Amino acid sequence: MNKHSELYDIVIIGGGINGAGIAADAAGRGLKVALCDKGDLGGETSSASTKLIHGGLRYLETYEFRLVRKALKESELLLALAPHLIQPISINIPHTAYHRPWLLIRLGLFLYNHLARRPGYRNAKAVRFHQDSPLADEFSHGFNFWDGQVDDARLVILNAVQAARDSADILVRNECVGIKPADTFWEVTLEDRLHGEELTLKTRTIVNATGPWVSQLIEKTVNKKPRNEVRLVKGSHIIIPRIQPEDQAFLLQNEDGRIVFVIPYQQNYSLIGTTEEEFAGDPSSAEISIRETDYLIDVVNGYFHTPIKKEDVVYSYSGVRPLVGEEEQSATRASRDYRLEFENTPLPLLSIYGGKVTTYRILAEQAVDMLGKYIAGIEDSKTSRVRLPGGDIESREQQVEVLIGRHPWLEPGIIRRWVAAYGSLCSRVLQGSASVDDLGMDFGHGLFQREVDYLVESEWAITAEDILWRRTKLGLVFSESQKRVLDKYLGNP
Ligand SMILES: Cc1cc2nc3c(=O)[nH]c(=O)nc-3n(C[C@H](O)[C@H](O)[C@H](O)COP(=O)(O)OP(=O)(O)OC[C@H]3O[C@@H](n4cnc5c(N)ncnc54)[C@H](O)[C@@H]3O)c2cc1C
């Protein structure tokens with residue numbers, strides 16, 4: 001009997017944060033789950049975000065109090081569930097006479113402090129910027145508030161790891177090319193993009209978590225008109241050598257009403273974004289335009305005393321969000337809340353529209369609750385109580401100290417990177433090693449064979465890109481030739 005021939009309770013199409021979160025929630029409740037993605041886990045929008053776990057201060061302007069409250073509550077919970085992946089970050093808002101009035105921002109931050117209890121984050125307050133600030137002299141005062149910074153792609157992967165621990169089947173590089181009802185169950189046809197083989201899964205229910213492809217999947221595979229029209233909106237970021245202190249992010253207001261974040265990123269970089277542009281075409285091919293790069297640089301140069309230029313950009317990325325809402329609304333003002341669309345014609349199919357990384361867990365809980373009505377004996381969700389894999393540590397700092405003490409032969413920089421990525425699972429990567437030689441070949445920048453093997457065996461990594469951009473961010477420092485050596489080791493041409 002084929003490993004995948006049994007009847008699944010849920011087949012989830014799309015391994016972004018929403019699909020992976022639903023897989024973790026459903027498998028944790030004892031359901032038989034399969035998750036497929038046409039590419040890598042988190043390979044699309046969910047690795048192209050601003051990487052903030054946040055309430056969304058800006059959404060208060062569009063009176064989305066319910067969304068902000070929900071997101072603030074989730075940001076507190078996620079900090080406890082994944083202390084290795086998520087860290088509080090201090091964000092400064094320089095005040096200007098010509099953007100939002102002082103009182104309006106004060107009121108917004110007052111609400112931010114009080115809409116939900118967040119002991120894991122400090123309260124917002126008014127601040128003065130001193131001489132050592134990277135801001136130009138005219139910006140002497142403003143506000144400071146706290147949100148969370150996350151490795152978005154790793155959050156996806158660790159949800160998949162959690163789902164797999166609870167027996168979910170994770171099928172990467174498997175594109176859903178057909179869905180049809182057969183008696184009392186669905187048949188979902190997958191095309192293996194690596195080997196060209198076809199696989200058919202039988203399932204009681206389906207979740208369409210394909211992000212920007214949500215409408216397209218319904219049209220193409222179920223051959224129906226989707227209930228919601230989605231607007232695709234592209235957002236881009238640039239990464240430059242760091243222009244700010246290691247622990248300070250900035251929220252810059254622009255004349256068009258939009259905001260741009262400048263966030264300390266990895267050890268030596270600043271992440272700057274985002275833009276917002278209506279998008280048409282294949283979301284996988286989205287890339288930054290010259291106009292977007294100029295826009296981001298201009299906003300930063302309006303605030304920082306040392307100007308940045310195009311040549312400083314070491315990397316850029318773009319993501320596409322599917323927005324549901326009134327056509328006439330600007331992309332900036334369209335809601336970032338999600339919508340769960342359930343159909344039972346002829347069998348249960350749930351489609352996920354929109355959302356945020358921050359709210360994935362609660363979205364997943366609600367999605368599985370909805371489908372639970374069609375699956376006998378479903379248990380309650382456990383995800384608010386179960387730490388994500390590797391999250392059973394006191395704090396990053398404490399875990400780093402422990403590992404430095406235990407493995408004095410390993411460079412502290414590598415230990416810090418590993419703890420932020422694997423948390424307590426560092427012990428799995430390090431298992432049985434007593435010296436650097438035991439870690440095998442060094443592919444460069446502290447990426448050893450042992451870590452690569454772990455990522456292949458435990459995190460579904462297949463290509464150098466999977467490792468360098470989704471499971472680590474070593475792509476920022478790897479040369480083309482180092483990347484080729486890694487791909488060769490992985491058996492890729
Ligand atoms: C520029 C930008 C910045 C953002 N910043 C933040 C932020 O700071 N904080 C925050 O909370 N949120 C942020 N968001 C929102 C957040 O990134 C998205 O809400 C979230 O990533 C959406 O996840 P998803 O799982 O729905 O979609 P995706 O991550 O796009 O996943 C969908 C998956 O479906 C797969 N797929 C598609 N078709 C098929 C098929 N036929 N068969 C199999 N697989 C298929 C794709 O390969 C893809 O991996 C941002 C979004 C953007 C665009």
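One nitrogen atom of the ligand sits 3.0 Å from a polar backbone atom of K38, and that is a good place to start looking. Pairs like this fit the cut-off for a polar contact, which is a pair of N or O atoms within 3.5 Å; within protein, one atom must be able to donate a hydrogen and the other to accept it, and residues adjacent in sequence count only if both atoms are side-chain atoms. Keep in mind that this is a predicted model: local features need pLDDT of at least 70, side-chain atom pairs count only at pLDDT 80 or more, and totals for chains, interfaces and linings use all residues. Residues are numbered from 1 along each chain as its sequence is written, and side-chain values use heavy atoms, with hydrogens and water left out.

**Around the ligand**

- Two further backbone pairs are worth finding: a ligand oxygen atom lies 3.4 Å from a polar backbone atom of K51, and a ligand nitrogen atom lies 2.7 Å from a polar backbone atom of L52.
- On its own the ligand would expose 1,000 Å², and the protein buries 97% of that. Areas here come from the Shrake-Rupley method with a 1.4 Å probe, and for residues only the protein chains shown count as cover.
- Four elements give two or more residues to the shell around the ligand: α1 (17-28), β8 (174-182), β11 (231-241) and β16 (315-323). Helices (H or I, at least four residues) and strands (E, at least two) are DSSP runs, numbered from the N terminus.
- Strand β8 gives the most to this shell, with three residues.
- In total, 35 residues surround the ligand, and the closest are D37, T45, S46, G355 and T358. To count as near, a residue needs one of its heavy atoms within 4 Å of the molecule or strand in question.
- What's the mix of residues in the shell around the ligand? The shell divides into ten nonpolar, 18 polar and seven charged residues. Nonpolar means Ala, Val, Leu, Ile, Met, Phe, Trp, Tyr, Cys and Pro, charged means Asp, Glu, Lys and Arg, and the others, Gly among them, are polar.
- The ligand lies between domain 1 (7-45 + 154-229 + 335-372) and domain 2 (88-147 + 231-320), because both give residues to the shell around it. The domain bounds come from an automatic or database domain assignment.

**Helix α13 and its two faces**

- Helix α13 spans residues 480-489, and its buried residues are K483, L486 and D487. They cover an arc of only 100 degrees around the axis, which puts them on the same side of α13. That arc is taken from the directions from the helix axis to the C-beta atoms.
- Turn to the face of α13 that points away from its buried side, and you'll find the exposed residues R484 and K488. Buried means under 20% relative accessible area, exposed means over 50%, and partly exposed is in between (1.4 Å probe, protein chains only).

**Buried spots to look at**

- N92 belongs to strand β4 (residues 86-94) and is buried, at 5% relative accessible area. Its side chain makes a polar contact with the side chain of N144, at 2.9 Å.
- R100 sits in the loop between β4 and α3 (102-114), buried with a relative accessible area of 15%. Its C-alpha atom is 9.9 Å from that of N254, although the two are 154 residues apart along the chain.
- G55, in the loop between β3 (52-53) and α2 (65-81), is buried at 0% relative accessible area. The C-alpha atoms of G55 and A71 are separated by 4.6 Å, with their positions 16 residues apart along the chain.
- A209 is in the loop between β10 (198-208) and α5 (214-222), and its 8% relative accessibility makes it buried.

**Backbone oddities**

- The peptide bond from G273 to T274 is cis, with omega near 20 degrees. T274 falls in the loop between β14 (269-273) and β15 (277-278).
- Another cis peptide bond runs from T345 to P346, with omega near 0 degrees. P346 is part of the loop between β17 (339-344) and β18 (348-353).
- Q266 isn't a glycine, yet its phi is positive, near 50 degrees. Q266 is in the loop between β13 (259-265) and β14 and is partly exposed, at 41% relative accessible area.
- H445, also not a glycine, has a positive phi of about 55 degrees. H445 lies in the loop between α10 (426-430) and α11 (449-459).
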